[in-house]
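Me: I've got a model open and I'd like to learn how to read it. Can you walk me through it?

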Amino acid sequence: MSDTISSTHILDELEWRGLVQQVAGPDLREHLSRSRVVYAGFDPTADSLHVGSFIPLMTLRRFQQTGHRPIALVGGATGMIGDPSGKSEERNLLAEDVLHANVEGIQRQLRRFLDFSGPHAAVVVNNYDWMKEFSYLQFLRDIGKHAPLGMMLAKESVRARLESEAGLSYTEFSYMLLQGYDFVHLARTYGCTVQLGGTDQWGNITVGIDLARRLDGVQLYGLTGPLLTRADGVKMGKTERGAVWLDPEKTSPYAFYQYWINVADEDVGHCLRYLTELDAATIAELDAARAEAPHLRQSQKRLAEELTRIVHGEAGLAVARHATEIFFGAEIENLDDRSLSDIFADVPSRELPRTRLEEGLSLIDALVESGLASSKGEARRTIQQGGAYVNNIRRTELGTVLTPADLASESMMVLRKGKKRYALLRFPTS
RNA sequence: GGGGGGUUUCCCGAGCGGUCAAAGGGGUCAGACUGUAAAUCUGAUGGCUCAGCCUUCGCAGGUUCGAAUCCUGCACCCCCCA
């Protein structure tokens, strides 16, 4: 194993960021003073990772950057069971084909965050690859025999569920043993000695450590980090429209960028530490700037910028920024259909025959057709009150008639009502 | 079974023969302010071919020049007595 290790000790790095919650093993600091193999698991509950997986993902990255080798495990097998940790109810099982597609999608994404070359090249594994070899009997004889029931029953995650009305099925109960065995397998195969996870993973991690000691007589280590929550305790990464995904198809770079721009002042400090790769001095400066001039929102802007760059690249960041300018009032002109659709990906759109525009479409009708106004009366009111915009230009003339000259691109027009409500009208040529 | 009260525009709630598309509040929508926050302030808030017209006040009839308002019946809700 390579000993090229960064002068920065990973634990120091994680500690100042507040990413160390609990540590398992005799002397993790000493253990990590040499290059090690570390792993974190990701649940294939969807075909993309979301913000909830962001902390472990970035933590793996930090390990790699300080000279350790990261393994990202996708739970193709464990995903068939469902992790009961922190869940109040029995989970529904995913169909196998869905699960398979999810594993593929997540593997593809993981590759964007980790470096697969060099002395500490990352590895992506799927636990289905080794779990599928096991027969039930074999698993019971080889693994189950070494898992004391008392210890497993004592786990907080199990106790909570046993006492609840929902109860806990044998299947979900077995989950921790499967994950525990993953750790054993990775230790045997890759020399992996450290497992990372959120605080909710503590129980599963310790099962693995215990199992490895009993089966192979080796000492493994565990490290849990915080969950990404807001000051009021609500999990971050959820919006009215659903989860914030890392996949640009599911959450556009613009929407992603906006999510971070809108993080509350009291949460942004944590986010900067947990999720970005900015150094301590830079973050301290941002903290100071935020205390002094909160209205400038420098922290949020920097956060959004850093994260969008990591997740969507420079190009994605550029799109997000351009979209932001436009969304906040910049006049829309000289754009093509393609970039307009990108920018307004999340905005409702409506297609109308081109002839409507060629004949002259009244602004009142356009507002109603686009769904921005529910009646002509409302449309009229909006125009009179100065709340109607075409391509971000305010139009106050009640009798305004739109023609092909008002198109923002080849075939699209951007209507806006008030500050933020947009709608796209498309007038295809054919 | 008997007696009383109620049903109003998205919600709550005033109106009790014309001046009622119907007070007030909430919500919503604009505008101003602002940090893409919160609060605040201003305006709007049935529909339309919009200085006019049409449709709304539980439902169906009736009285009247004129009804959300009066009468009759029906439906539903609440309270009191049995």
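Reply: Sure, we'll start with the whole chain and then go to single residues and a helix pair. Keep in mind that this is a predicted model.

Me: What is the secondary structure of chain A, and what box do its C-alpha atoms fill?

Reply: Chain A comes to 18 helices and 15 strands. Along the principal axes, its C-alpha atoms fill a box of roughly 85 × 50 × 40 Å.

Me: How do I read the contacts along the sequence? What share of them join residues at least 24 apart?

Reply: Take the contacts between residues at least 6 apart in sequence: 73% of those in chain A join residues at least 24 apart.

Me: And the surface and the charges?

Reply: The accessible surface of chain A is about 20,000 Å², with 49% of it belonging to carbon and sulfur atoms. For charges, count 48 positive and 57 negative side chains, with the centres of the two sets 2 Å apart.

Me: Now burial. How much of chain A is buried, and is leucine 49 buried or exposed?

Reply: The idea is a cut-off: buried means under 20% relative accessible area. Buried residues make up 52% of the 430 in chain A. Leucine 49 has a relative accessible area of 2%, so it is buried. You'll find leucine 49 in the loop between strand S2 and helix H3. Beyond its neighbours within four places in sequence, leucine 49 is in contact with eight residues you can click through: Phe42, Leu57, Ile106, Gln109, Leu110, Trp245, Leu246 and Asp247.

Me: Which of those categories do serine 164 and serine 370 fall into?

Reply: Serine 370 counts as buried because its relative accessibility is 11%, while serine 164, at 27%, is partly exposed. Both sit in loops: serine 164 between helices H8 and H9, serine 370 between helices H17 and H18. Leaving aside neighbours within four places, serine 370 is in contact with Leu415, Ala423 and Leu425.

Me: How far is serine 164 from glutamate 325 in space?

Reply: C-alpha to C-alpha, they are 50 Å apart, with their positions 161 residues apart in sequence.

Me: Last one: how do I describe two packed helices?

Reply: You give the angle between their axes and the distance between the axes. Here, H13 (residues 280-292) and H14 (residues 298-327) pack at about 140°, with axes 8 Å apart. H13 brings Thr282, Leu286, Ala289 and Arg290 to the contact, and H14 brings Gln298, Ser299 and Arg302. By type, the contact residues are two nonpolar, three polar and two charged.

Technical notes
Residues numbered from 1 in each chain as written. Chains lettered and ligands numbered in written order. Predicted model: local features only at pLDDT ≥ 70, side-chain atom pairs only at ≥ 80, totals over all residues. Heavy atoms only, no water. Axes fitted to C-alpha atoms, helices over the stretch in contact; angles between N-to-C directions. Helix = DSSP H or I, 4+ residues; strand = E, 2+ residues; numbered from the N terminus. Contact = heavy atoms within 4.5 Å. Nonpolar A, V, L, I, M, F, W, Y, C, P; charged D, E, K, R; others polar. Buried < 20%, exposed > 50% of the residue type's maximum accessible area, 1.4 Å probe, protein only. Areas by Shrake-Rupley, 256 points an atom, 1.4 Å probe, with all protein chains shown as cover. Lys, Arg positive; Asp, Glu negative; His and termini not counted. Charge placed at Lys NZ, Arg CZ, Asp CG, Glu CD.
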